[in-house]
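Work through these exercises with the structure open beside you. Try each task before you read its solution.

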Amino acid sequence: MRLAIYTTITLLFAASAVPAQGWGSVKGQVVWTGSVPKARPANVTADKAHCTANGDLILDDLVIDSKNNGVKNVMVWLAAAPGGTLPIKPELMGVPKDPVVIDQPQCAFVPRVVALRSGQTLIVKNSSPVAHSAQLFGTDVKDGAPVNGQINLSVVAGGQITREGDKALKAEKRPIMLGCAIHGFMHGMIGVFDHPYFAVTKDDGTFEIKDAPAGEYRIFLRQEVCGWLHTPRVTDKATSSGGSFGQPITIPAGQALDLGKIECKPDYLPSDFPR
């Protein structure tokens with residue numbers, strides 16, 4: 001009897017010694033600081049009549065809000081601290097059933113930057129009258145084999161391709177770059193994660209990741225041409241591994257961690273980027 005009581009007390013003490021997981025959120029705004037680069041027309045060499053039917057096709061790899069200098073299409077995500085884990089709130093464990101859809105209506109990916117869960121359905125449409133393709137360039141390797149590898153999918157005029165089931169994309173540590181084999185100026189990014197804690201900045205540069213686990217984690221911010229935006233911003237052009245460790249953050253339980261304004265500026269642009 002005494003053993004049973006002692007065991008019960010021990011278990012209760014052990015359970016009380018493990019704090020319940022709290023949840024909070026992370027938000028911020030990516031803003032451009034400095035002179036705004038001039039609009040750059042794409043060098044259209046295929047299907048020019050269609051691509052430029054409404055005038056010059058303006059490149060959209062760096063979109064800056066004219067009202068508040070917010071930067072659109074920055075991918076933001078959380079990761080576990082080294083040696084740790086990233087808990088997922090029970091209500092968010094399931095992979096969303098709704099597909100993520102990318103269209104190619106007029107020689108551009110719309111939306112240009114998307115993020116989804118590992119195993120979630122991805123649809124790439126082509127609502128235009130000309131042929132396109134969807135080239136995906138995955139970089140992660142696991143057990144000596146590419147996680148997603150390089151994929152080139154033809155998308156006929158008015159058609160679509162679907163990646164689902166055993167062909168669905170798997171999570172990678174960095175965004176998968178997107179391109180079109182027919183129109184070399186078409187690009188984008190696809191983030192694939194094994195958790196729900198990611199976002200893409202809105203037109204005004206703002207983002208918010210809700211129901212995130214409270215505690216010490218890492219945050220990553222990646223803009224297509226400016227590269228890593230989090231602190232410390234370490235760059236390695238030879239390996240593109242700069243920023244791989246992310247920025248340490250502490251998410252408070254029941255509150256929002258506001259990172260404020262996060263800079264994206266001319267110094268971050270490649271040397272050959274037109275000013």
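**Exercise 1. The cysteines**

Is Cys 226 buried or exposed? Then sort out which cysteines are bonded, and where they sit.

*Solution.* This is a predicted model.

Step 1. Take Cys 226. Its relative accessibility is 1%. Buried means under 20%, so Cys 226 counts as buried.

Step 2. Look for disulfides. A search of the whole structure finds one. The cut-off for such a pair is sulfur atoms within 2.5 Å. Cys 51 and Cys 107 are joined, with an S to S distance of 1.9 Å.

Step 3. Place the two ends. Cys 51 belongs to helix α2 (residues 48–51), and Cys 107 to the loop between β3 and β4. The pair therefore ties together parts that are 56 residues apart in sequence.

Step 4. Assign the handedness. The torsion about the S-S bond of Cys 51 and Cys 107 is about -70 degrees, so this disulfide is left-handed.

Step 5. Check burial of both ends. Cys 51 is buried, at 2% relative accessibility. Cys 107 is buried too, with a relative accessible area of 2%.

Step 6. Test Cys 180. Its closest cysteine sulfur is in Cys 107, 8.1 Å away, which is too far for a bond. Cys 180 is buried, at 3% relative accessibility.

**Exercise 2. Strand β4 and its neighbour**

How many residues of β4 are buried? Trace the pairing from there through β12 to β11.

*Solution.*

Step 1. Count. Strand β4 spans residues 113–117, and five of its five residues are buried.

Step 2. Split the strand by face. In a regular strand the side chains alternate between the two faces of the sheet. Val 113, Ala 115 and Arg 117 are on one side of β4. Val 114 and Leu 116 are on the other. Both faces are covered.

Step 3. Find the partner. β4 and β12 run parallel and are joined by five bridges. Val 113 has Met 189 of β12 as its bridge partner. Ala 115 stands opposite Gly 191.

Step 4. Continue to β11. Strand β11 (residues 176–179) pairs with β12 in the antiparallel sense, over four bridges. Here Met 177 has Met 189 as its bridge partner.

Step 5. Check cover on β12. Six of its seven residues are buried, so β12 is mostly covered.

**Exercise 3. An open sheet**

In what order do the strands of the three-strand open sheet stand? Identify its edges.

*Solution.*

Step 1. Read off the order. It is β3-β5-β10, with mixed pairing.

Step 2. Find the edges. β3 (100–102) and β10 (160–163) each have a single partner strand, so one side of each lacks a neighbour in the sheet.

Step 3. Note the twist. From one strand to the next it averages 15 degrees.

Step 4. Examine one pairing. β3 and strand β5 (residues 122–125) pair in the parallel sense over three bridges. Val 100 stands opposite Leu 122 of β5.

**Exercise 4. The largest pocket**

Which element gives the most to the lining of the largest pocket? Describe that lining.

*Solution.*

Step 1. Start with volume. The largest pocket has about 650 Å³.

Step 2. Go to the centre. Among the 27 lining residues, the closest to it are Ala 79, Asp 140, Glu 172, Lys 173 and Asp 194.

Step 3. List the elements. Those that give two or more residues are β2 (75–80), β7 (141–142), β12 (187–193) and β15 (215–223). β2 gives the most, with four residues.

Step 4. Sort by chemistry. The lining divides into 16 nonpolar, three polar and eight charged residues.

Key. Residues numbered from 1 in each chain as written. Predicted model: local features only at pLDDT ≥ 70, side-chain atom pairs only at ≥ 80, totals over all residues. Heavy atoms only, no water. 1 Å grid on protein atoms, 1.4 Å probe; cavity = no way out; pocket = protein on both sides within 12 Å on 5 of 7 lines; lining within 4 Å. Points joined across faces, edges and corners; volume = space filled by probe spheres on them. Nonpolar A, V, L, I, M, F, W, Y, C, P; charged D, E, K, R; others polar. Buried < 20%, exposed > 50% of the residue type's maximum accessible area, 1.4 Å probe, protein only. Pairing = 2+ DSSP bridges. Axes fitted to C-alpha atoms, helices over the stretch in contact; angles between N-to-C directions.
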